[in-house]
Amino acid sequence: MAKEINPKDTARAYAFDMWMKAPNPMVTFFKTLDVTNLIKVSKRKNLKLNMLIDYCIGKAAAGIKEFYILPVDNKLMQYDNIAVNTIVKNKNGEVNSCDIKYNDDLNAFNLEYFEYTAQVADSCADRDLSNSCMVIGTSAIVDTELDGIVGMYSGIFNNPFIFWSKYRKKMFRYYLPISFQFHHTQMDGAHAGRFLENLQNEINNIK
């Protein structure tokens with residue numbers, strides 16, 4: 001569950017004072033990931049690539065304490081768990097949002113991914129875990145190649161967000177440009193950079 005914490009009791013006290021009232025406190029990093037290993041695993045084990053990316057995102061974030069806090073409604077909230085959000089095309093051809101709680105066990109995460117995305121597609125209703133998990137948003141625009149995406153800051157959702165489009169093949173390797181957007185109150189550039197390095201390492205090492 002989420003609980004309110006006093007920013008002054010955390011390492012984010014200065015950032016909370018500096019960025020909570022900023023007109024646009026979001027920061028966007030761009031990075032190109034080498035996803036060659038992930039595509040090989042996807043094909044060899046018949047696993048959905050989007051699920052594998054979501055799993056690696058959760059695993060990369062799980063060891064960084066800043067991912068367990070989030071500014072919500074001018075408060076700083078603490079979470080015990082992380083979830084990764086995915087966008088699902090429903091049975092009516094529209095889209096819904098589906099949050100999947102991160103599980104270090106890839107097989108368990110895969111089973112829950114398919115169970116809940118199928119449930120959301122059939123019910124046309126969002127699955128929202130934001131009251132119990134710090135949710136990392138994702139969006140895959142796979143109809144075209146993009147160099148980067150900057151998300152809209154609405155002032156409502158402060159969650160970190162990752163965007164990607166089609167992966168690219170160059171020689172015998174595959175590359176995926178991504179955009180990572182985060183609220184400066186939640187983390188600094190160094191934390192975001194460590195997360196992106198973790199993400200590349202998880203992609204490289206997944207079996």
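# A tour from helix α2 to the cysteines

Start by selecting Thr36, which is placed in helix α2, residues 36-45. The model on the screen is a predicted one. Thr36 has a relative accessible area of 2%, so Thr36 counts as buried. Show its contacts, leaving out residues up to four places away in sequence: Thr36 touches Phe172, Arg173 and Tyr174.

**The strands**

Next, select strand β8, residues 161-164, together with strand β7, residues 133-140. These two strands pair in the parallel sense, over four bridges. To see one position along the pairing, pick Ala140, which stands opposite Trp164 in β8.

Now add strand β10, residues 173-183. Four bridges join β8 to β10, and these two strands run antiparallel. Here, pick Phe163: its bridge partner in β10 is Ser179.

**Helix α5**

Select residues 189-205, which make up helix α5. How far does α5 reach from its first C-alpha to its last? With 17 residues, α5 reaches 24 Å, close to the 24 Å expected at 1.5 Å a residue.

Colour the buried residues of α5: His191, Ala192, Phe195, Leu196, Leu199, Gln200 and Ile203. Then show what covers them, which includes β2 (26-34), α2, α3 (49-62), β8 and β10. Helix α2, where Thr36 sits, is thus met again in this cover.

Stay with Leu199 for a moment. Apart from neighbours within four places in sequence, Leu199 is in contact with Leu33, Cys56, Ile57, Ala60 and Ile178.

**The nonpolar cores**

In soluble globular proteins, nonpolar side chains tend to be buried together. The largest nonpolar core in this model has 48 residues. Which of its residues touch the most other members? Select Ile57, Phe67, Phe180, Phe195 and Leu199 to see them. Helix α3 gives the most to this core, with eight residues.

A second core is separate and has five residues. Among them are Ile5, Phe16, Ile69 and Leu76.

**The aromatic rings**

Turn to the rings. A search of the whole structure finds 10 aromatic pairs. For one of them, select Tyr55 and Tyr102, whose ring centres are 5.9 Å apart. Their planes are at 40°, so the pair is tilted. Where do the two residues lie? Tyr55 is in helix α3, while Tyr102 is in the loop between β6 (95-101) and α4 (106-123), so the pair ties together parts that are 47 residues apart in sequence. Both Tyr55 and Tyr102 are buried.

Then select Phe29, Phe67, Phe180, Phe182 and Phe195, which form one aromatic cluster. Phe67, Phe180 and Phe195 were also picked out in the largest nonpolar core, among the residues that touch the most other members.

**The cysteines**

For the last stop, look for disulfides. How many does the structure hold? The number is zero. Select Cys98, which is in no disulfide; its nearest cysteine sulfur belongs to Cys133 and is 12 Å away. A disulfide needs the two sulfur atoms within 2.5 Å, so a gap of 12 Å does not qualify. Cys133 is likewise in no disulfide, and the cysteine sulfur nearest to Cys133 is that of Cys98.

Are these two cysteines buried or exposed? Cys98 has a relative accessible area of 0%, so Cys98 is buried. Cys133 is at 3% relative accessibility and therefore also counts as buried.

Terms used
Residues are numbered from 1 along each chain as its sequence is written. This is a predicted model: local features need pLDDT of at least 70, side-chain atom pairs count only at pLDDT 80 or more; totals for chains, interfaces and linings use all residues. Side-chain values use heavy atoms; hydrogens and water are left out. Buried means under 20% relative accessible area, exposed over 50%, partly exposed in between (1.4 Å probe, protein chains only). Contact means heavy atoms within 4.5 Å. Two strands pair if DSSP finds at least two bridges between them. The expected span of a helix is 1.5 Å times one less than its number of residues. A nonpolar core is a set of buried Ala, Val, Leu, Ile, Met, Phe, Trp, Tyr and Cys residues joined through side-chain atoms within 4.5 Å. Rings of Phe, Tyr and Trp (its six-membered ring) pair if their centres lie within 6.5 Å; planes under 30 degrees apart count as stacked, over 60 as edge-to-face and the rest as tilted.
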